[in-house]
Each structure stands twice: as structure tokens, then as C-alpha cells.
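Subject: Structure handover

Hello,

Here is the structure I promised to pass on. Please open it next to this email while you read.

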Amino acid sequence: MSLFEYAPAPESRSIVDIAPSYGLFIDGEFGEAKDTFKTINPADEEVLTEVALAAPEDVDRAVAAARRAFESWSALPGSERAKYLFRIARILQERSRELAVLESLDNGKPIKESRDVDLPLVAAHFFYYAGWADKLKYAGLGPDPRPLGVAGQVIPWNFPLLMLAWKIAPALATGNTVVLKPAETTPLSALFFADVCRQADLPPGVVNIVTGAGDTGRYLVEHPDVNKVAFTGSTEVGRQIARSVAGTGKKLTLELGGKAANIVFDDAPIDQAVEGIVNGIFFNQGHVCCAGSRLLVQESIAEELLTSLKRRMATLRVGDPLDKNTDIGAINSRAQLDRITELSEIGATEGAERWSPECSLPDRGFWFAPTIFTGVTQAHRIAREEIFGPVLSVLTFRTPAEAVEKANNTPYGLSAGIWTEKGSRILAVADKLRAGVVWANTFNKFDPTSPFGGYKESGYGREGGRHGLEAYLA
Ligand code: NAD
Ligand code: MN
């Protein structure tokens, strides 16, 4: 049920030109590989283009190019490196409309989000780290911090260009060179970024983009001439990488999964909390490592809050990612849709009560209606495992101590949210939460100046802010 209908308001696809095929970006040039794979638009399963599949010898060439470029790039004064980064940031801003459409096509996220969240944050990251490039000796990391060398970076599909920015901006600012592998379902914005590097006259070999699947990623992180590995993705793959990097002397940062608690106390402003819950779990289809996927609500207000939440969920518009009114776009891949579907079925089988608003989903493409489960207990798999989709598990608590205990009862520790009108309660509770980021009376807010990262199985190391420099300096 929606209160009134909106006329379609699609952003034009013709803003972006997608070529019939793309090669690997190595040493400043696009070149072919032996094999290719296709990337599709998850909203309608249309093939967007064909992309090179990097074999081990291609990764070797990319690492060798990055090694050659390292010598002169690391020797540049920081103020010169900053000029390139500022240039890249400005070009990203100029081309943001094109890149937002591309990102929504390849990933399935609503244009409202790629346009208003992803792209502004991408540019902001480059601006922010450009500002650090000539100030590294004032970063509190010693009088003469040195770059590590070649960084091998592997990123996921949920924020393709933003994760690229989180990885590449600090690496370049600190004088490292990069070989980056984007996720196999979302390679296009990284390839367009390669074009941005050329437009900025970035010296060849400073940034190399190799496309491919898990094998390409594994080959990159295991490459003996890589000095630094940065990975964002599943805990399972993160564990494999930690094992393969152990004892090699490579520096490693891992940003893995999460199962964040969004805690609503009885004195919270209900309407704002409902907006924060919706943003916490339905932003980016819930494909967010720090998503507020466990709602912990104080028992005395649970009924009132759930009534408001359901009313709000009934107004969410699911559909065409390019429509400017769309709130929830497509699930990124068939495999991810299957995972979400399976865990949701398990939730119902284990006895939790499932609810979704009435909404008609498109016939083609990968879709999942926003869903909540009530009557969830700590033992349920949907309370423990990362679903990485638009599915919220609701648990209740009676006392602040119980809320803290439940919030921390997870193998993860990436983020958490607190909703209360008392500042003292925010401070007291935040202090006890084992989570890298704690939001108070808001959720899923990001800023390049603010470090981000987890405890326990959510990984280690921090990205963003001054702390983010440390991962790329000796
Ligand atoms: P994944 O970890 O398999 O993929 C992430 C990236 O790692 C991709 O670029 C992939 O090609 C690459 N990769 C895969 N195997 C590799 C290996 N052995 N060595 C090096 N690189 C490798 O994640 P997925 O299969 O796309 O998603 C599975 C689950 O992971 C999701 O359901 C979600 O729970 C979680 N996930 C978390 C994040 C996050 O931001 N923390 C992002 C994506 C997925
Ligand atoms: Mn795609």
C-alpha cells in the first residue's frame, strides 16, 4: 500500500557510454586478456558489457608496472602527489552524474543513493587524503614515515567506487602504488576510474586495475612482490587471506562482515528512531557491512515502535534503480539473492515471525521485499549470521545492561547504534559496546575524516581519517 502514486522519474541511461568490452588497465594502458566475463545489470539481467578476466601472468604484469612506478612516485614531494589527487577528486566531481548512473546500472543501487551518497563521498575521500599528502610527518607516525611499496587491494560489490576510493586515496597520498581488483559483479566504475587517472595525467603504473573473480584476487594478494594487502569482503575470504599473508612480512588490513545492534531505549524519539532503523537496514538493500541488522528495542515501547516501523516500511518504493524516487533497488546478484532467501527461510523455520509490506516486485532481475522478523532470540541464525540484505531481526530487552550484553553477543564488532534522549546514557552505553563505530541518534553516516573498522571477526586495521594513513606507512 502506498499513500499516493508517483509518476516514473527515471534518470537517463544515455548519460553514460558503456563500450562493448573492456580490457585490463596496466601501466597506463588498456590491454586485452585471454579470457573475458560479462557483467550484468541486476535490475533486469541485461548484459552491460564484457570485461577482461586477469590471469596470473596479467597480475604479474600489473604488479611489475606498479613496482616500476613506485620508485618515482614515492620520490615525488608530497605536495606534487597532492596535485594529482586533487585533480582526480575534481574530475570525479565533474563526472559524478555519469559515474552515479554507471554505478546504479552495474550494482542495482538506487540512483538517489549513488548520486547523493556514494559519489560525494568518493570525491570527499580524494580531497581529504590529497590534503594529507604533504603533511605526513605531522600525522603522529614518526618524523619521516615511508611508503610500503606496492599495495594489492581487493574490494567488494556493495559500494564499488567508494571502496575503491577508501583503498586508493590513502595509498597514493602516502606514496604507494596500487594494483586493485574490483568485484566480479561490479567492475565498471573501477574501469571508468582508470580513465579518470588518465585524464588526470597520473603517471603510468601508479594505479593498475585488474578485473576478475576470486582466483584473480587470490593471486594478487599472494603475489610475492606485493608489500601491503588491503581487503574488504566476507569474513570467510578474509580468514583465508590472513592465513596466506601470515609470515610473509606483508602489512594487512581486513574490513569484514558485521551484525550491528541498533539499540532503541524507551526515551528515544520514536519517529526519528524509525527513520534511523530504516536507513540502518534498508540503505543499499542492506548490502552494508555496518548495517543495523539487529534491532534491539526496549520491551515497553516495542509494540508502538513496530507499528510505526511497519507503517513506514509500507511507504518504501522498491523498483527501478534509475528512478529518482526509488528507495530500494535490486539485489546485486542471483547468488546474493539466494543467500538472503535461504537465511530468511531458516528464520521462519526456526520460529521467528516474518513480515513484509505488500509490494509488487519486477518480473526480471533480482529482488527482495524489505522484511522484518519479530520474536527473534539470540539462538536464531538470523540473529547471528550476516544476511547482507534488506532483512531486519528484532529482539527486545528490559534493562540497559541486557541491551549491552545482547549487542555484544556476536562474533562481529563493526558498528552499533544508540537511540535515547539522554546524553549520559549514550556515553555510558557506547563505552561498553565492542564496536568500531557507534552512532548516536543516527545511523550509517560516513565521513572521510572518521576512522572506520572493526573488532573480532569484523577484521582489523582502520580506514579513513588520520588512522587510515597508518596502514600504508612504515
Ligand atoms: P567475497 O569475500 O567472496 O568477495 C569480495 C571480494 O573478494 C571480491 O572482489 C572477490 O572476487 C574477492 N575474492 C573472493 N575470493 C577471494 C580469495 N580467495 N582471495 C582474494 N580475493 C577473493 O564476498 P561475496 O562472495 O561477494 O559475498 C559473500 C558474503 O560476504 C556476503 O553475503 C556478505 O555477508 C559478505 N560481504 C561483506 C562485505 C563487506 O563490506 N564487509 C562485502 C561483500 C560481501
Ligand atoms: Mn553488474
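Below is what was found in it, starting with the overall layout and ending with a small sheet.

Please keep in mind throughout that this is a predicted model.

**Layout**

The domain assignment splits the protein in two. Domain 1 takes residues 13–256 plus 455–470, and domain 2 takes 261–440. Their centres, taken over C-alpha atoms, are 30 Å apart.

The two domains touch. On one side are 22 residues of domain 1, and on the other 27 residues of domain 2. Within domain 1, the elements that give two or more residues to this contact side are α3 (96–107) and α4 (111–132). By type, the domain 1 side has nine charged, seven nonpolar and six polar residues.

UniProt, in an unreviewed entry, lists residues 34–473 as "domain: Aldehyde dehydrogenase". Over that stretch the chain is 42% helix and 16% strand. The C-alpha atoms at its two ends lie 36 Å from each other.

**Around ligand 1**

Which residues come nearest to ligand 1? They are Gly-214, Gly-217, Gly-233, Ser-234 and Cys-289, out of 27 residues around it. Both domains take part: domain 1 and domain 2 each give at least three residues to the shell.

Three helices supply at least two shell residues each: α7 (214–222), α8 (235–245) and α11 (334–349). Helix α7 has the largest share, with four residues. The shell as a whole divides into twelve nonpolar, nine polar and six charged residues.

**Glu-255**

The unreviewed UniProt entry places an "active site" feature at Glu-255. In the model, Glu-255 belongs to strand β10 (residues 251–255).

Is Glu-255 buried or exposed? Glu-255 has 28 other C-beta atoms within 10 Å, so it counts as buried. Leaving out residues up to four places away in sequence, Glu-255 touches Thr-232, Cys-289, Gly-453, Gly-459 and Glu-463. One of these contacts, Cys-289, is also among the residues that come nearest to ligand 1.

**The strands beside it**

β10 pairs with β9 in the parallel sense, over five bridges. In this pairing Val-229 stands opposite Leu-252 of β10. Strand β9 also has a parallel partner in β6 (residues 150–154), joined by four bridges. There, Gln-153 stands opposite Ala-230 of β9.

β9 itself covers residues 228–232, and five of its five residues are buried. Both of its faces are covered. Lys-228, Ala-230 and Thr-232 are on one side, with Val-229 and Phe-231 on the other. Note that Lys-228 is a buried residue here. Thr-232 also appears in the contact list of Glu-255.

**Arg-384**

Arg-384 sits in helix α12 (residues 381–384). It has 15 C-beta neighbours inside 10 Å, and therefore counts as partly exposed. Not counting residues up to four places away in sequence, Arg-384 touches Lys-259 and Thr-410. Asn-409 is 25 residues from Arg-384 along the chain, yet their C-alpha atoms are separated by 8.6 Å.

**The three-stranded sheet**

There is also an open sheet of three strands, in the order β1-β5-β4, with mixed pairing. β1 (21–22) and β4 are the edge strands. Each has a single partner strand, so one side of each is left without a neighbour in the sheet.

How many bridges join β4 to β5? Seven, with β4 (residues 35–41) and β5 (residues 46–53) running antiparallel. Two of the facing pairs are easy to look up. Thr-36 has Ala-52 of β5 as its bridge partner, and Asn-41 stands opposite Glu-46 of β5.

β4 and β5 form a hairpin with four residues between the strands. In that hairpin, Glu-45 takes a positive phi near 65 degrees.

**Where to look**

If you have little time, start with Glu-255, which is buried and touches Cys-289. Then turn to the shell around ligand 1, which draws on both domains.

Best wishes

Note on methods:
Residues numbered from 1 in each chain as written. Chains lettered and ligands numbered in written order. Predicted model: local features only at pLDDT ≥ 70, side-chain atom pairs only at ≥ 80, totals over all residues. Domains from an automatic or database assignment. Contact = placed C-beta atoms within 7 Å. Nonpolar A, V, L, I, M, F, W, Y, C, P; charged D, E, K, R; others polar. Buried ≥ 20, exposed ≤ 12 C-beta atoms within 10 Å, placed from the backbone. Pairing = 2+ DSSP bridges. Near = placed C-beta within 6 Å. UniProt positions renumbered as here; feature names shortened; annotations may be inferred.
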